[in-house]
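Visitor: I should like to learn how to read a structure such as this one. May we look at it together, feature by feature?

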Amino acid sequence: MTTIQSGSFLTLHYRLQGPDGADVINTFGGKPSTLSLGTGQLAPAIEQHLVGLSEGAHQTFDLAAGEAFGDRNPELLQRVSVELLHTLGDPKAEYDVGDVVQFPTPGGSGSYAGVVREVGAGWLLFDFNHPLAGQPVRFEAKILGVL
């Protein structure tokens with residue numbers, strides 16, 4: 001039976017649950033996911049728990065606060081002027097606490113997201129931390145295939 005190694009190509013069902021037990025992602029009952037370990041599709045700490053499992057394995061892992069998505073970094077809370085947001089995007093856009101806003105990477109080849117945490121006079125405070133940073137999570141996986 002084939003076991004998962006670093007760089008393996010996998011087909012699996014998985015569920016990621018936040019600290020409240022609510023599903024963040026759940027492929028059980030739907031189409032399975034196909035991914036390659038080591039390409040950033042899963043957090044490295046989650047991948048480490050998959051290495052060594054065989055096809056057909058069904059495991060659940062509890063990861064401690066910060067283990068899966070790192071600790072919360074206060075430096076990733078940043079104020080951005082509304083003027084800059086209007087220059088980069090829709091000049092008529094309005095923003096509220098909880099909104100998720102996509103920002104282009106410096107080279108323009110990708111994007112990253114920030115969540116509005118505060119709205120001030122002419123500025124917004126964005127949180128660029130992963131939403132599950134600093135929190136415990138549960139990861140369940142059923143391995144369907146390994147290449």
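Guide: The following turns take up salt bridges, then burial, then strand pairing. Please keep in mind that this is a predicted model.

Visitor: How many salt bridges does a search of the whole structure find?

Guide: In general, side chains of opposite charge can pair when their charged atoms come close. Here the search of the whole structure finds 5 salt bridges. Among them is the pair of Arg15 and Asp23, whose side chains meet with an N to O distance of 3.5 Å.

Visitor: With which other residue does Arg15 form a salt bridge?

Guide: Arg15 also pairs with Glu140, where the closest N and O atoms are 2.8 Å apart. This pair links distant parts of the chain: Arg15 lies in strand S1 (residues 9-17) and Glu140 in strand S9 (residues 137-146), 125 residues apart.

Visitor: Are Arg15, Asp23 and Glu140 buried or exposed?

Guide: A residue counts as buried under 20% relative accessible area. Arg15, at 19%, is therefore buried, and Glu140, at 15%, is buried as well. Asp23, at 39%, is partly exposed.

Visitor: Which salt bridge links strand S9 to strand S4?

Guide: That link is made by Arg138 in strand S9 and Asp62 in strand S4 (residues 58-63), which are 76 residues apart. Their side chains meet at 2.6 Å, N to O. Arg138 is partly exposed at 36% relative accessibility, whereas Asp62 counts as exposed because its value is 51% and the cut-off for exposed is over 50%.

Visitor: Which residues do salt bridges with shared partners join into one network?

Guide: Arg15, Asp23 and Glu140 are joined in this way.

Visitor: Let us turn to burial and contacts. Where is Ser33, and what does it touch?

Guide: Ser33 belongs to strand S3 (residues 33-36). Ser33 has a relative accessible area of 17%, so it is buried. Leaving aside residues up to four places away in sequence, Ser33 touches Leu10, Thr11, Leu12, Tyr14 and Thr27.

Visitor: How should I read the open sheet, and what is the order of its strands?

Guide: One follows the pairing from strand to strand. The open sheet has 4 strands in the order S5-S8-S7-S6, with antiparallel pairing. Its edge strands are S5 (77-81) and S6 (100-104), each of which pairs on one side only. On average, neighbouring strands of this sheet are turned by 45° against each other, direction ignored.

Visitor: How many bridges join S6 to strand S7?

Guide: There are 5 bridges between S6 and strand S7 (residues 111-120), and these strands run antiparallel. Pro104 stands opposite Ser111 in S7.

Methods:
Residues numbered from 1 in each chain as written. Predicted model: local features only at pLDDT ≥ 70, side-chain atom pairs only at ≥ 80, totals over all residues. Heavy atoms only, no water. Helix = DSSP H or I, 4+ residues; strand = E, 2+ residues; numbered from the N terminus. Buried < 20%, exposed > 50% of the residue type's maximum accessible area, 1.4 Å probe, protein only. Contact = heavy atoms within 4.5 Å. Pairing = 2+ DSSP bridges. Axes fitted to C-alpha atoms, helices over the stretch in contact; angles between N-to-C directions. Salt bridge = Lys/Arg side-chain N within 4 Å of Asp/Glu carboxyl O.
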